[in-house]
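Okay, thanks for coming, everyone. Let me put the structure up on the screen, and then I'll walk you through it.

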Amino acid sequence: MKIHVFIISSLIAINIFCNQKIIGLVPVRNEVETIDQVLKALSLFVDSIVVLDDASNDGTPEKIKSIA
C-alpha cells in the first residue's frame, strides 16, 4: 500500500495526487430557503454531494431534485 503525504493548502491538489474522491454529506430539514446556495457552494469543493433529508415538509426535497 502506498501512503502519500502532502502538505498542501488545497483539497483539489490532494485529490489529484491521491486519486481519491471527496463526497460532501449535507443533512437537511426544512431548508428550502438556503439549500440551493449551500449545494452550489459545496459543489465547488467536492466530487459528489449526498443530501440526507430528515422528513422535510416545506418543499426541500422538490427543490433538491430541481437543482440536481
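So, Val 28. Once you skip its neighbours within four places in sequence, Val 28 is in contact with Ile 35, Val 51, Leu 52, Asp 53, Asp 54, Ser 56, Thr 60 and Ile 64. This is a predicted model, by the way, so please keep that in mind throughout. Where does Val 28 sit? Val 28 is in strand S1. Buried or exposed? Val 28 is buried, because its relative accessible area is 6% and the cut-off for buried is under 20%. One distance for you here: Val 28 and Leu 52 are 24 residues apart along the chain, and their C-alpha atoms are separated by 6.1 Å.

Val 28 also belongs to the largest nonpolar core, which has five residues. The other members are Val 26, Ile 35, Leu 39 and Ile 64. Strand S1, residues 23–28, and helix H2, residues 35–42, each supply at least two residues of that core.

Let me step back to the whole chain for a moment. You've got three helices and two strands, and going from the N terminus, the order of elements is α-β-α-β-α. How many of the 68 residues count as buried? The figure is 19%. As for the exposed surface, the chain shows about 5500 Å², with carbon and sulfur atoms supplying 58% of that. And for those of you who like contact order: take the contacts with a separation of 6 or more, and residues 24 or more positions apart account for 62% of them.

Okay, helix packing. The axes of H2 and H3 come within 10 Å, and they cross at roughly 40°. H2 and H3 are therefore oblique to each other; for the reasoning, that angle is above the parallel class, which is under 35 degrees, and below the perpendicular one, which is 65 to 115. The crossing of H2 past H3 is right-handed. Which residues meet there? From H2 you have Ile 35, Asp 36 and Leu 39, and from H3 you have Lys 63, Ile 64 and Ile 67. You've heard some of those names already: Ile 35, Leu 39 and Ile 64 are among the core residues.

Staying with H3, have a look at Thr 60, which is in that helix. Thr 60 counts as buried, because its relative accessibility is 0%. Leaving out neighbours within four places in sequence, Thr 60 contacts Val 28, Asn 30, Glu 31, Val 32 and Asp 53.

That brings me to the backbone, since Asn 30 is one to check if you look at torsions. Asn 30 isn't a glycine, yet its phi is positive, about 55°. Asn 30 lies in the loop between S1 and H2. Buried, exposed or partly exposed? Asn 30 is partly exposed, because its relative accessible area is 33%, between the 20% and 50% cut-offs. Not counting residues within four places in sequence, Asn 30 is in contact with Ser 56, Asn 57, Asp 58 and Thr 60. Asn 30 and Asp 54 are 24 residues apart along the chain, with 8.4 Å between their C-alpha atoms.

Ala 55 is another residue other than glycine with a positive phi, near 60°. You'll find Ala 55 in the loop between strand S2, residues 48–53, and helix H3, residues 60–67. Ala 55 is exposed, because its relative accessible area is 53% and anything over 50% counts that way.

Last stop: a couple of hydrophobic side chains on the outside. Leu 25 is in strand S1, and at 57% relative accessible area Leu 25 is exposed. From Leu 25 to Leu 42 you go 17 residues in sequence and 9.7 Å in space, C-alpha to C-alpha. Then there's Phe 45, in the loop between H2 and S2. Phe 45 counts as exposed too, at 53% relative accessibility. Phe 45 and Ile 23 are 22 residues apart along the chain, and their C-alpha atoms are separated by 9.1 Å.

That's my tour. Over to you for questions.

Terms used:
Residues are numbered from 1 along each chain as its sequence is written. This is a predicted model: local features need pLDDT of at least 70, side-chain atom pairs count only at pLDDT 80 or more; totals for chains, interfaces and linings use all residues. Side-chain values use heavy atoms; hydrogens and water are left out. A nonpolar core is a set of buried Ala, Val, Leu, Ile, Met, Phe, Trp, Tyr and Cys residues joined through side-chain atoms within 4.5 Å. Buried means under 20% relative accessible area, exposed over 50%, partly exposed in between (1.4 Å probe, protein chains only). Helices (H or I, at least four residues) and strands (E, at least two) are DSSP runs, numbered from the N terminus. Contact means heavy atoms within 4.5 Å. Accessible areas come from the Shrake-Rupley method with a 1.4 Å probe; for residues, only the protein chains shown count as cover. Axes are lines fitted to C-alpha atoms, for helices over the stretch in contact, and angles run from 0 to 180 degrees between N-to-C directions. Angles under 35 degrees count as roughly parallel, over 145 as roughly antiparallel, 65 to 115 as roughly perpendicular and the rest as oblique. A crossing is left-handed if the near helix is turned anticlockwise from the far one by less than a right angle, and right-handed if clockwise.
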